[in-house]
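User: Please take a close look at one part of this model: the place where side chains pack and pair between helices. Which contacts hold the sequence-distant parts together there, and what else does the rest of the chain offer for contrast?

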Amino acid sequence: MAEGESCTASTAEIKEDFEIIDKKQIPNTTELKSEEKEKTEEARWSAPILSLAKKASENLALGYGNALKSAALVGFISKPVSGAGPGAARYHAMEERANLMNMMKLSIKILIQSALSLGRTLDSDFPPLQQFFVVLEHCLKHGLKVKKTFIGQNKSFFGPLELVEKLCPEASDIATSVKNLPELKTAVGRGRAWLYLALMQKKLADYLKVLLDHKHLLSEFYEPDALMMEEEGAVIVGLLVGLNVIDANLCLKGEDLDSQVKIKFLLRITAVLDQKHYVEELNRHLSCTVADLQNKIDCLEKTNSKLQEELAAATDRIGSLQEEQQQLKQQNELIRERSEKSVEVTKEDTKVELDTYKQSRQGLDEMYSDIWKQLKEEKKIRLELEKELELQIGMKTEMEIAMKLLEKDTHEKQDTLVALRQQLEEVKAINLQMFHKSQNAECSLQQKTEAISSFEGKTNEMMSSMKQMEERLQHAEKARQTAEERCNKMKQELAGRLDTCRQQMSQLDSKCSTLEKELKSEKEQRQTLQKELHQEKDATTLLKTELQQMEGLKKELRKLQDEKQQLEKVCEEQEQALQEMGLHLSQSKLKMEDIKEVNKALKGHTWLKDDEATHCKQCEKEFSISRRKHHCRNCGDIFCNTCSSNELALPSYPKPVRVCDTCHTLLLQRCSSNSS
């Protein structure tokens, strides 16, 4: 029985007519009769809005009724009794909030669509704007507490709006301008003027959001089940953000904002509805929305094509920059590999040369010890012979035999000296090769320093381009500032000419948008250039590390050169010792044998033909028209001009003739040894 009573009560509530604006009054038969009188007020609202509002309220009422029925059957919500209980009051408040929220959605949607279709600033006489303010006023009035004063009971929505000035200091201008208006005498008029000014500033949603964030202050003005205290208030604030697209020019002077505007939406839920008109209106609205969506799609396609072109250009730039970066990386890797290879080669060469030098030094030490022993033995033999000569003067035959034996020994010693000299010449040639290799290493170091200087030049060029881009940005910002100043001047001077001013403002807005686009593009280019700069700085840091490695290699080379100089000093000391050993021998026989060796060398060397040689024997450079062939008159080999620019007098030629560098050094050494 209880379920049947609840069902009948809900159907009775659905069949009854209710009014959104005045929630305490329920329409009676007398109000239904006065419907014809109020049609004049409803005529301000367009037919599609009325039909949509009626249909939405019907659907919402039916949906809430079914939901409440199912919840009551399950037991979540207490069943509303025919009497005035707390459950019935909550149910009624939920219905009011839902209906107000849906009416707000419809009014905002129609206001935005009509404003965009007109494409101009809205006046206070615009019907959808009036409808929006009426609905917003009733949303703010929902659940207001009644304040008792000396005059009587007061119930106005201007009280919570005054809190915005305390919470948000930006709203102080609105509050002062509302207070300075002498025409406003009631709190309702001041609240309406406040809403007009907030909409013109495009900050209505922001101010209401500040109020919703401080619900502990709103609880002084609203009941707990009011629309501004529930989630529907946050939804309405989110819908109000869309009104920032609209430009409104509302005149507050001369309008009677204090008068009570009684526009009542009597949304009656009846079974008899003209479905044809409703479907026609729905189709009309759908066709309008489809056309708007198609226009938006066309605009989006155009912007998409432009963005794709810009993307392609940006990708091309990025690809070119990446290619340059890869080339630079490859060059760096090549330089690094070459330096590493050269260092490894020099290390291996120095190791091999050190090994050979140690081996030759050991052989020379052994030969030196053997010769020293032989000299001691010869001194002893000479002493014995002198004693024998003093003792046995008459024994000439024995002395002749002893002299012959001595001559044989001297010949053998001379052969050993010749072999030692050849070994010394080989050591000198090895030293020359070491000198040439050190020169090559220094040349490679110079090339690397030149490459590093070129990289530094590139980084300087990039920095100069960055400075140019920053100057362009500054010029663009100056141009934008000048344009804004011109806009302000034009607004001040041409306040009376609204039609011409709107056209000029549209042109200035387009210029500002183009300038902003250019600014954005230049900022993006600046960011890309900064990224490239960071990459170049990283490359320079890598090159600096490589330079430090090269300096370490230079230090190692210097150490090797110092070791080489020490070894050369040891060689010179050994050569001096050998020279002193040679001086003890007979100088006349050495000179004769040197002349014989020179003649043998001249006779033994073969004269190379021009067709047999294609490269210089010393520097190994290929012969060409500019680099011609020259014979060395001593050894007979073919050299270039730089390697055979010396001239010396040879025994087989009366005048000084062309000699290679190696023969020149050997002959000079022989001459110096002969003279000493």
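Analyst:
**The F133 contact and its surroundings**

F133 is buried, because its relative accessible area is 7% and the cut-off for buried is under 20%. The model is predicted.

Start with the rings. A search of the whole structure turns up 4 aromatic pairs. One of them joins F133 and Y196, with centres 4.4 Å apart and planes at 50°. That angle makes the pair tilted, since planes under 30 degrees apart would count as stacked and those over 60 as edge-to-face. F133 sits in helix α6 (residues 127–141) and Y196 in helix α9 (residues 187–201), so this contact ties together parts 63 residues apart in sequence. Y196 counts as buried too, because its relative accessibility is 13%.

Helix α9 also offers a ring to another partner. W194 and Y207 have ring centres 5.8 Å apart and planes at 50°, so this pair is tilted. W194 belongs to helix α9 and Y207 to helix α10 (residues 204–213), so the pair bridges parts 13 residues apart in sequence. Both W194 and Y207 are buried.

Back to the F133 site. Ring pairs join F132, F133 and Y196 into a cluster.

Now the charges. Helices α6 and α9 are also linked by a salt bridge: E137 lies in α6, R192 in α9, and the two are 55 residues apart. The side chains of E137 and R192 meet at 2.9 Å, N to O. Both E137 and R192 are buried. The bridge is part of a network, in which E137, K141 and R192 are linked. To recap, α6 and α9 are joined by the ring pair F133 and Y196 and by the charged pair E137 and R192.

Some contrasts follow. The structure holds 15 salt bridges. One stays inside a single helix: K209 and D213 both lie in α10, 4 residues apart, about one turn of the helix. Their closest N and O atoms are 3.5 Å apart. K209 is partly exposed, because its relative accessibility is 45%.

Another salt bridge spans a long stretch of chain. E353 and K437 meet at 3.8 Å, N to O. E353 is in helix α13 and K437 in helix α14 (residues 396–493), so these parts, 84 residues apart, are linked. The two ends of this bridge differ in cover. E353 counts as buried, because its relative accessibility is 10%. K437 counts as partly exposed, because its relative accessibility is 31%.

Finally, the surface. K302, K306, K517, K520 and K523 gather there in a patch of positive charge. Helices α13 (275–391) and α15 (498–584) are the elements that give two or more residues to this patch. The top contributor is α15, with 3 residues. K517 is found in helix α15. K517 is exposed, because its relative accessible area is 58% and the cut-off for exposed is over 50%. F133, in contrast, is buried at 7%.

Terms used: Residues numbered from 1 in each chain as written. Predicted model: local features only at pLDDT ≥ 70, side-chain atom pairs only at ≥ 80, totals over all residues. Heavy atoms only, no water. Phe/Tyr/Trp six-rings, centres within 6.5 Å; stacked < 30°, edge-to-face > 60°. Buried < 20%, exposed > 50% of the residue type's maximum accessible area, 1.4 Å probe, protein only. Patch = residues over 30% accessible without salt bridge, like charges linked within 9 Å, V, L, I, M, F, W, Y side chains within 5 Å. Areas by Shrake-Rupley, 256 points an atom, 1.4 Å probe, with all protein chains shown as cover. Salt bridge = Lys/Arg side-chain N within 4 Å of Asp/Glu carboxyl O. Lys, Arg positive; Asp, Glu negative; His and termini not counted. Charge placed at Lys NZ, Arg CZ, Asp CG, Glu CD.
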